[in-house]
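Visitor: I have a structure open here and would like a close look at one part of it. Could you set the scene with the overall fold and then take me to a single residue?

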Amino acid sequence: MDSRRPPLAPVFRSLPEYVRHWAETTPDRRAFTFVDHPAPHSRGVHRTLTWRRLDLRMRAVAARLAAETEPGSRVAVLCPQGTDYVTAFLGALASGLVAVPLYPPGLPGQGDRLSAVLADARPAVVVTTGHALTGVRELCEGRAVKVIAGDQVPDAAADDWRPPVPDGSAVAYLQYTSGSTRTPAGVEITHANVVANARQALSAYGADAHPVTCVGWLPLYHDMGLVLSVAAPVVRGLLSVLMDPVAFLHEPVRWLRLLAAHPRVLSAAPNFAYDYCASTVTEAQKAGLRLDGVFALINGSEPVRPGTADRFHAAFAAQGLVPDTHCPSYGLAEATVFVSAARPGEPLRRFALDRDALATGKALPARPDDPRAVLLAGCGAPAGQRVRIADPVSRVALAEGEVGEIWVQGPNVGRGYRNQDRQTRRVFGAGFADATAGPGAWLRTGDLGTVLDEQLIVTGRLKDLIVVDGRNHYPQDVEATAQDAHPAVRRDRLAAFGVPGGSGERVIVVAEHVRAVPLADLDVPALVRAVRAAVSARHGLRLSDVVLVPPGTVPRTSSGKVSRALTRERYLAGAYAVGVVG
């Protein structure tokens with residue numbers, strides 16, 4: 001029996017307790033379904049776990065892990081996307097160990113990061129699958145670590161094993177930051193943190209009172225994928241339908257088909273994915289596709305562009321997609337993930353702000369048709385937590401309409417960074433100069449933003465800010481102008497950043513060209529002139545260099561965002577000398 005409406009869940013201290021609850025109260029309901037696409041044109045092969053089966057597999061894996069190492073040790077999860085990943089992660093939590101959600105070796109461009117994270121986390125055990133076992137063993141060769149194939153642990157391992165009593169304040173897992181601005185660091189997320197953030201997200205998106213189906217392709221090692229596709233469904237007893245990120249990238253209509261196949265769907269993707277769907281899904285693929293059952297589409301993980309939401313909904317309006325389903329959101333790993341969210345059913349809030357005023361730290365309105373206006377999306381209200389805007393230097397709380405660093409306080413904020421006490425005190429222990437402005441410790445997000453009309457508006461990263469002649473310029477703003485300047489500039493595959501110069505900071509743009517046009521067929525000088533002219537006209541900036549590089553050259557983080565910090569490092573090291581410099 002597969003009842004559509006799960007009963008309301010009591011409050012537990014850990015995710016494994018919720019799994020056990022649903023296994024006892026609704027054992028035959030579907031918990032997780034992984035849709036595999038083994039062939040290029042596959043419509044999908046479904047593999048499902050009921051709550052009873054999930055609980056059994058979780059306890060079997062937990063028993064095996066607990067027998068291999070001491071409580072509190074780290075367990076690295078190096079499973080491919082799928083239900084085995086879910087059982088391995090939950091099994092690590094149920095065993096009283098600390099999970100480290102990662103990915104198996106072979107992910108393009110992420111080999112060095114995987115090795116660095118394993119060196120930092122120093123897991124006692126690595127859990128993977130039989131399919132990935134050989135590659136994982138090769139990766140772990142020479143390390144003092146035990147490798148286990150979770151899917152090969154027999155069900156009988158759970159028979160005589162009893163889970164330890166969970167402590168909500170204990171660390172449940174290490175969420176490694178994606179590395180977009182610095183070396184990846186492991187954020188200590190407690191059992192209480194992840195349960196709190198799952199409940200906050202469910203409430204923010206209206207899934208606490210109404211049954212939804214969670215559909216997602218985001219990788220489960222990423223904070224948003226882990227919370228929305230695992231933690232939130234487990235807390236609420238919802239069906240979670242998973243697919244592999246690579247399957248989405250190869251054929252994005254697969255995601256849309258899953259959205260159409262389930263009632264009241266809640267899903268999430270970064271901004272680029274919505275642009276990708278709008279530009280690549282064909283009219284033939286749209287035929288027969290019905291998206292009127294979509295409840296909420298979360299747009300997060302990178303700057304949310306109102307124009308992207310408009311293009312996506314225009315592309316699929318004929319399929320019944322309602323514009324009010326789009327929910328711009330903001331979050332970060334240090335806060336488990338979700339911080340603020342626009343609510344489904346409400347029109348997208350868009351703000352046209354004066355670019356010159358924004359450069360001086362003021363969010364003043366401008367006409368939307370003004371070519372010098374900056375168009376930003378509102379990311380809603382805080383999701384069960386406190387958010388304040390602070391001057392990052394003086395630590396003074398700023399008024400509405402003033403731009404500063406976003407500070408966060410709530411039960412979802414992690415304990416700190418593993419083995420980085422100084423950085424933990426600086427980031428997780430911030431305090432206002434006037435304690436009455438916001439007593440207690442606050443999380444410094446490193447993100448810049450403001451509040452207007454009770455909406456959080458994210459303007460950029462503090463460390464990414466480009467300062468020329470005392471004026472602030474946001475790199476994503478420059479990048480948007482550059483990619484619109486010429487059709488051969490590959491969208492969302494470019495980085496703008498500042499480097500030291502003789503008379504101040506110089507501004508550089510490193511951009512990939514589109515795959516469809518070979519470099520030899522491009523009029524590179526014309527492209528460079530177009531980019532320079534557009535950036536000069538819109539931002540009053542002179543670009544020192546415009547570097548055109550082949551597709552796949554601009555480095556990205558594990559979550560798919562362009563890494564400006566690493567691009568800058570490579571530029572300064574001369575790694576782009578073989579590219580085309582304008």
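Guide: Happily! In this predicted model, the chain folds into 17 helices and 28 strands. The radius of gyration is 24 Å, close to the 25 Å that the globule rule gives for 582 residues, so the protein is as compact as a globular protein of that length. Its C-alpha trace spans about 70 × 60 × 50 Å along the principal axes.

Inside that frame, 58% of the 582 residues count as buried. Take the contacts between residues at least 6 apart in sequence: 70% of them join residues at least 24 apart. As for the outside, the accessible surface comes to about 23100 Å², and carbon and sulfur atoms account for 53% of it. The charges are worth a glance too: the mean positions of the 63 positive and 56 negative ones lie 1 Å apart.

Now let us zoom in on Gln 319. You will find Gln 319 in the loop that runs between α12 (306-315) and β13 (326-331). Is this loop residue buried or exposed? With a relative accessible area of 9%, under the 20% cut-off, Gln 319 counts as buried. Setting aside neighbours within four places in sequence, its contacts are Lys 286, Leu 289, Arg 290, Leu 291 and Asp 292. To place Gln 319 against another part of the chain, look across to Leu 456: the two are 137 residues apart in sequence, and their C-alpha atoms are separated by 31 Å.

Notes:
Residues numbered from 1 in each chain as written. Predicted model: local features only at pLDDT ≥ 70, side-chain atom pairs only at ≥ 80, totals over all residues. Heavy atoms only, no water. Helix = DSSP H or I, 4+ residues; strand = E, 2+ residues; numbered from the N terminus. Rg over C-alpha atoms; globule rule 2.2 N^0.38 Å. Buried < 20%, exposed > 50% of the residue type's maximum accessible area, 1.4 Å probe, protein only. Contact = heavy atoms within 4.5 Å. Areas by Shrake-Rupley, 256 points an atom, 1.4 Å probe, with all protein chains shown as cover. Lys, Arg positive; Asp, Glu negative; His and termini not counted. Charge placed at Lys NZ, Arg CZ, Asp CG, Glu CD.
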